[in-house]
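Here is a protein model to explore one piece at a time. Have the sequence and the 3D view open while you read.

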Amino acid sequence: MKRLTIFILISLILVSCRTFEPLAYEPPIKPEPVGIYEPNTELQKAILLAIGKVKGLESLDVDSDGNIYGGDKDGRIIRITLKGEIKAIAKTSGRPLGVQFDKAGNLIIADAYKGLLSMDKSGKITTLVSEYKGVPFQFTDDLDIAQDGKIYFTDASIYEQKEYLYDLLEARPYGRVFVFDPKTKETQLLLDNLYFANGIALSKNEDFLLVNETYRYRITKLWLKGPKKGTSEVVIENLPGFPDNITRNENGDFWVALFTVRNDRMDSMHPSPVVKKMIYFMPKFLWPKAQPYGYALKMDGNGKVLMTVQDPTGEHLKDITSVIEKRRQLYIGSLYNDRIGIYVIP
């Protein structure tokens, strides 16, 4: 009787739902953990900073003095000095995600709720852009800055940051890529219909940019110059995990942060909209859980994976959402973890 009652309640809820309509999706069979994807413990060698003293620095950047900056879950911009001093120097009152310094020394911030922001050296925050054609961005996620000052950024989903798992279940292409010109104050839509548009990075010559489609386990290339200008193509697909942020190093290669490895339970649910609709109404603790796993990979601009660094236990580093390379060191941030990792590249 109890099971019947639960079934009836779920059925009534499903019938009344008209706003959440998941699509069927057939995920590719995940790659075997062999070859370049073979597990390793390289990330367990990383130095850990600020353990238990920071709260989810999703993305990081480093200033000319070696100080580390990031935004935490409380909306604060945090600075960590070379001496280990940790200080909140500003607050966005939102959820700062992607961060990057521009040429003038301003910290440009992709805030999930506030849009594209700029923090000057005194800590003053101003809004650069928060909407497109009168419609507010729902999930400003990551950014990269061109040599001419233009800011390329992603609006990940129609769902807000706290609801990002709904996007995973619905499997619809809500993500978009924009460019903002600080000189003209104009914003242009460059690409849409992306499956959770997350990390974004320009190529060394700025002839293309790469954008992570987290919920399709792939990375898309958008051409900005040349005969293919304005067209896009998948540069790598069927990744072993969920790609989050992506950054370019000085040599022109890219570091991709994988939030976690693929989830077999989630992949098995994707082909059935009915199952996903039922999951939508269940308490979050019944949803598929992310495996604690530290993972990042380096690839070239054509999608060839060059190396991976991992922590299969997730005890040292996990939930990795950003990796930036500075002077042969990887600075590693996380949306949820309470630490920063610094890995010295051999």
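What follows is a short tour of the core, the rings, a pocket and a few single residues. Keep in mind that this is a predicted model.

## The nonpolar core

Let's start on the inside. The largest nonpolar core has 42 residues. If you want to find its busiest members, look for L210, I219, I236, I246, L297 and M299, which have the most contacts inside this core. Strand β21, covering residues 254-261, gives the largest share of the core, with five residues.

L297 is a good one to zoom in on. Which residues does L297 touch once its neighbours within four places in sequence are set aside? Its partners are Y37, L239, F254, W255, V256, L258, V305, M307 and T308. Click through that list and you'll see F254, a residue that comes back in the next section.

## Rings that pair up

Now for the aromatic side chains. The count of aromatic pairs comes to 19. Take F208 and F254: their ring centres are 6.4 Å apart and their planes meet at 40 degrees, so the pair counts as tilted, the class for angles that are neither under 30 nor over 60 degrees. This pair ties together distant parts of the chain, with F208 in strand β17 (residues 208-213) and F254 in strand β21, 46 residues apart. Both F208 and F254 are buried.

Some rings also join up as a group. Ring pairs connect F20, Y159, Y166, Y174, Y280, F281 and W287 into a cluster.

## Charges over rings

Rings can have charged company too. K221 sits over the face of F208, at 4.3 Å from the ring centre. So F208 is worth a second look, because it has the tilted pairing with F254 as well. Elsewhere, R216 lies over the face of Y25, and here the distance to the ring centre is 3.7 Å.

## A pocket to peek into

Next, try the second largest pocket. It holds about 600 Å³ of space. Its lining is made up of 30 residues, and the closest to the pocket's centre are Y164, L165, Y215, F259 and A290.

Which elements give two or more residues to this lining? They are α2 (164-170), β20 (241-248) and β21. The largest share, four residues, comes from α2. Notice that β21 turns up here after its part in the core, where it supplied five residues.

## Two residues with positive phi

Two backbone spots deserve a look. A171 has a phi near 60 degrees, a positive value in a residue other than glycine. You'll find A171 in the loop between α2 and β14 (175-181). Is A171 buried or exposed? Its relative accessibility is 5%, and the cut-off for buried is under 20%, so A171 counts as buried.

F196 is the other spot. Its phi is positive, about 60 degrees, although F196 is not a glycine. F196 belongs to the loop between β15 (186-194) and β16 (197-202). With a relative accessibility of 3%, F196 counts as buried.

## Three residues, three settings

V177 is part of strand β14. At 0% relative accessibility, V177 is buried. Apart from its neighbours within four places in sequence, V177 is in contact with F153, T154, Q188, L189, L190, L191, L194, I200 and V211. For a sense of scale, V177 and K318 are 141 residues apart in sequence and 27 Å apart in space, C-alpha to C-alpha.

T154, one of those partners of V177, lies in strand β13 (residues 151-155). T154 has a relative accessible area of 0%, so this residue is buried. Its contacts beyond four places in sequence include F139, D141, R176, V177, N198 and V211. From T154 to N238 is 84 residues in sequence and 21 Å in space, C-alpha to C-alpha.

T231 sits in the loop between β18 (218-223) and β19 (232-236). Here the relative accessible area is 37%, so T231 is partly exposed. Setting aside neighbours within four places in sequence, T231 is in contact with K221, L222 and W223. You've met K221 already, over the face of F208. Finally, the C-alpha atoms of T231 and P22 are separated by 28 Å, with their places 209 residues apart along the chain.

Methods: Residues are numbered from 1 along each chain as its sequence is written. This is a predicted model: local features need pLDDT of at least 70, side-chain atom pairs count only at pLDDT 80 or more; totals for chains, interfaces and linings use all residues. Side-chain values use heavy atoms; hydrogens and water are left out. A nonpolar core is a set of buried Ala, Val, Leu, Ile, Met, Phe, Trp, Tyr and Cys residues joined through side-chain atoms within 4.5 Å. Buried means under 20% relative accessible area, exposed over 50%, partly exposed in between (1.4 Å probe, protein chains only). Contact means heavy atoms within 4.5 Å. Rings of Phe, Tyr and Trp (its six-membered ring) pair if their centres lie within 6.5 Å; planes under 30 degrees apart count as stacked, over 60 as edge-to-face and the rest as tilted. A charge sits over a ring if NZ of Lys or CZ of Arg is within 6 Å of the ring centre and within 35 degrees of the ring normal. On a 1 Å grid over the protein atoms alone, a cavity is a set of points where a 1.4 Å probe fits but cannot get out, and a pocket is an open set with protein on both sides within 12 Å along at least five of seven lines; lining residues have an atom within 4 Å of a point. Grid points are joined across faces, edges and corners, and a volume is the space filled by probe spheres set on the points.
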